[in-house]
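This report describes the fold of each chain and then the contact between the chains. The structure is shown first, and the description follows.

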Amino acid sequence: MPHDAYIYDAVRTPRGRGKADGSLHEIQPVDLLATVLRALQTRNNLDTAQVDDVVIGCVTPIAEQGGVIARSAVIHAGWATNVPGVQLDRFCASGLEAVNTAAMQIASGWHKLVVAGGVESMSRLPMGSDGGAWFMDPRVNLESGFVPQGISADLIATIENFSRDDVDRYALQSQQRAAYAEQNGYFKSRVPVRDQNGLHILNRDEHIRANTTLERLANLSPAFEMMGDMGFDAVALDRYPKLERIEHVHTAGNSSGIVDGAAAVLLGSKEMGERLGLKPRAKILAGAVVGTEPTIMLTGPAPASKKALAKAGMNARDIDLFEVNEAFAVVPMRFVRDMNLDGTENVNVNGGAIAMGHPLGATGAMLLGTLLDELERNDLETGLVTLCVGGGMGIATVVERV
Amino acid sequence: MPIHFARESENIITLTFDHAGSVNLIDENFLREFDNHVSRLTNDASLCGVILASAKDTFFVGADIEMLYRADDAAQVFEMTQAFKATLRKLETLGKPVVAALNGSALGGGFEIALACHFRIALDDKKAQFGFPEVTLGVLPAGGGVTRMVRMFGLQTALPYMVEGTRLNVEEAQDAGWIDEIVSSKEEMMERAREWILQNPRAQQAWDADGYRIPGGDPRRPQVMSQILPIAPAMLTQKTHRNYLAPEAILSAAVEGAMVNFETATRIESRYFAKLLTSQTAKNMMHAFWFQLNEIKAGSSRPREIEKRKTKKLGVLGAGFMGHGIAYVSALAGIDVVMKDVTRERAEAGKEKIAALLEERMARGKITEDLRLETLARIHATDDVNDLRDCDLIIEAVFEDRAVKADVIRETSNVISSDAFFGSNTSTLPISSLQSLSSHPAHFVGIHFFSPVYKMPLVEIIRGKETSDAAIAKAFDYVLQIGKTPIVVNDARGFYTSRVFGTYVNEGMALLAEGQHPRAIESAGVKAGMAVGPLAVSDEVNIGLIWHIREQTRKDFEAEGKVFPSDASDRVVDFMVNTAKRTGKAQGAGFYEYPESEKKFLWRELQNHFPLSDTELSQLEMIDRLLFVQCLETVRCVQQGVLTSSADANIGSIFGWSFAPFSGGTLQFINAYGIEKFIARSRELAEKYGARFEPPQLLLEIAEQGKSF
């Protein structure tokens, strides 16, 4: 890379339950995004006029989340007029894709200072409500062997022989780790959401179930069995003809939660940081994206991570901490296998989306902040963030503290 | 095709379709003439309204399949389709009311004509059928059918009718909203049509009115459709495993058409149609389900000189599963039946099974209470052989054992009249060998039913060495009389159907013996287009029975001083029957496990006994093996004179054991693959897997002569 891309800061909102009774449901997505932009500004005493672009991931860019929400949020946050904004979408990777895009812009010398991030109000704009050829056009649906992600997750469990108990145990660990981290104030990058009067709305991740037990998790019904019976299992079995049937092990308890939230990351060149008196927290070493078989869909993290590590001249053993998005329990479980790691010892150490939720467009940027907080807390050096992605893709970013 | 034009006093014009043949068909002439008439109407200022009627017993049965079968140029198909739609569009946007007077069936393109009308009145005719059978011939309703159905009923309601090719009777059609009114006479129909025209001078289609929305929402509003659209292709995949183009095209044309205006939607529909109609699958399906099936029903395999005769009284020997099944379908067709078994109790038990089947049929609304009682009363259950005295046809369906069969043949021969014919429902014993036991061998014929009798559409008629033309004709007429499809073959071991079907089962077991993954074998079978995987079907047939037939054949071979050709599947059959003692579904254990409350699954220990090979075959390789082995055996049947007609071969394979219907049958598969290519691929397979894939002499000759099957 001609120029190093530094991360100067990373913030996120708490995650509100993505339902009409969730705390953040009343907040417009543009306000969620403006909240994190203002937090970056305040925390870093930022002269916003220096920002070359604001790159924001959003997966359901329609209605109040449509029409380039990045530019709307820049205006709404009261940033300098010369700051533009762009919205991008790579499904669940969007937040990290925004970070990688910003890193590329800085690395190429094209830009000097870029804000990357993401937003998703799933309580307002339900997943999939933007349509799309992938599943709404019968031809592409058939060509891609479309199944909902829960079926893909169950397919992975079937192939890997992960039992219901295995995935429930993973989910329990996610809840316990998240609750512990919450209790001990590990989530430094989180900023509260307030109303226009400054009144408190939410300052913690409200999806966490600190008191859940294995028994409670075991009592939940499989979430994807019925739709599997209706035809999606047949699609998966047609692609994986050696399987007798699909074992439906995923439930609402061991899948990621539906939540609302936003995140923003400030990236820049070394010179720009020095000029503005910013202290770099980390450096981006490499990033990568890959396409994978679309029916199983969620196996992208390992090949994307390997590709990114190879670019950085590293291997999995060189990484201190991993953040693997918990779209479903099997995603990090399979990642551990694919990457030959020693269990989940250094994977998602503060829990993940099973406990805290997965606000689609924002998650990637949120995970980066969580990772930085934890590297700093333990004085560790290297980290990797990776997510599985709809349509059969994977993304990864490798960072190092400076 | 003449279209009669008649103007009445109120300036109502009736166009009466009167094709030169027995039914109204869309052909080139019709398209031209219909458009001329409609164009004339658009210039008729005094016009009050239009009635479309038919001079035939039916209203209109659709397009001329010969015309469709010939079409091979997508551009021409597109233009012809667009021209037909333009005519219909002119008619529905005349600004004047147009009424369809449906005096009988309106199917396919014929029903599309009716849908372009503003009002549909049907005559109360129990035999009349309405709907879109296009999908069964590999195409879609392209006369605006997809477009109008979606606009009338919404995607969710309209799609199943077209994807499944459902046909409705007149009452069902009215309930579905396809027909607006049912009347009891032709006069009333025309009168009501006139009245409706006078009452609705400004008729317009709903989709041409301001503010129209497609019922149930359109795909542009994903909140509405997100429950249905993403899963519709999966539901299709579950049924077709993507072997059929037409249902997928119907789905796409409907969904894409719902996002745009009417004219654009019809154009999209025409493009999909052009693609389908010029595809090999559509040609295969038309070849089989239209031309060859019609050829069979017209009696191409029936001795022509023999006069047609109905069976009046049928004797059935054996009241077991096959016996009572035969009695049941015969009684339903109005034939008196004497069903004899060794004891009165067994005969009565068979009759009780029939009573249950009839109850079920009535519960489904297929027959009335009167018909149920009448049908049951036609069946006389007995243990007395003398009751068969005045039967004109006797069919034995006793246990598949030479000695048992011999007994009933002899016993019956003494009683029945010398004019009566005798059919044996054996599936394995050569007819010629049973024939010699009869006192009237010329009247002895093989009539091979498939199980379950009431479901399976095919009957295989077998000509033994001494079977007369009269006996073949008798059996043929009887099979048509009970509404089934007859094929006629010459006597040889396994006849045609059991013999070729056996190669499918054997190939599946050979793959297992070679160490291919059992589930992958089953998936390949289904993906090849077979209804059931080869191991599952072995369980259903019963592996014990397969073993039994094999042993019998081995003995017969030895008796003839020949060597029984052993193959890889022998080891599997032997192991399953003698070592594992798992003979199939009936025993609750075969290649599969059959848990009581769960779906069956493959026996997990199979892989211990047939360890996986290091060489994993691709699915395509397995599919080719499973299909080629059947096609090649069929060619051998032709070569050896067992089969004498391509129609019998193709229809027999599809109706008999569900050979990939989209391929058009075991011989059409070869034609469609390309004879030279098929030979080359067969040789490749023979090289790798053995002589059973070696192309027979006949195939080479046909290739050399540049012919096809």
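## Chain B

In chain B, 49% of the 709 residues are buried. The model is a predicted one, and in it chain B carries 30 helices and 19 strands. The C-alpha trace of chain B extends over about 90 × 65 × 55 Å along its principal axes.

A compact globule of 709 residues would have a radius of gyration near 27 Å, and because chain B has 28 Å, the value agrees with that expectation. Of the contacts in chain B between residues at least 6 apart in sequence, 73% join residues at least 24 apart.

## Chain A

Chain A contains 14 helices and 12 strands, and its C-alpha trace spans about 60 × 45 × 45 Å along the principal axes. Of its 402 residues, 60% are buried.

For 402 residues the compact-globule rule gives a radius of gyration near 21 Å, with which the 20 Å of chain A agrees. Among contacts in chain A with a separation of 6 or more, 83% are between residues 24 or more positions apart.

## The contact between the chains

How many residues of each chain are in contact with the other? On one side there are 24 residues of chain A, and on the other 27 residues of chain B. Three helices of chain A, namely α4 (133-136), α5 (138-144) and α9 (225-239), each supply at least two residues of the side that touches chain B. The most is given by α9(A), with 7 residues. Sorted by class, this side of chain A comprises 13 nonpolar, 5 polar and 6 charged residues.

Note on methods:
Residues are numbered from 1 along each chain as its sequence is written. Chains are lettered from A and ligands numbered from 1 in the order in which they are written. This is a predicted model: local features need pLDDT of at least 70, side-chain atom pairs count only at pLDDT 80 or more; totals for chains, interfaces and linings use all residues. Two residues are in contact if their C-beta atoms, placed from the backbone, lie within 7 Å. Helices (H or I, at least four residues) and strands (E, at least two) are DSSP runs, numbered from the N terminus. Ala, Val, Leu, Ile, Met, Phe, Trp, Tyr, Cys and Pro count as nonpolar, Asp, Glu, Lys and Arg as charged, and the others, Gly among them, as polar. The radius of gyration is taken over C-alpha atoms; the globule rule is 2.2 Å times the number of residues to the power 0.38. A residue is buried if 20 or more other C-beta atoms lie within 10 Å of its own, exposed if 12 or fewer, and partly exposed in between; C-beta atoms are placed from the backbone.
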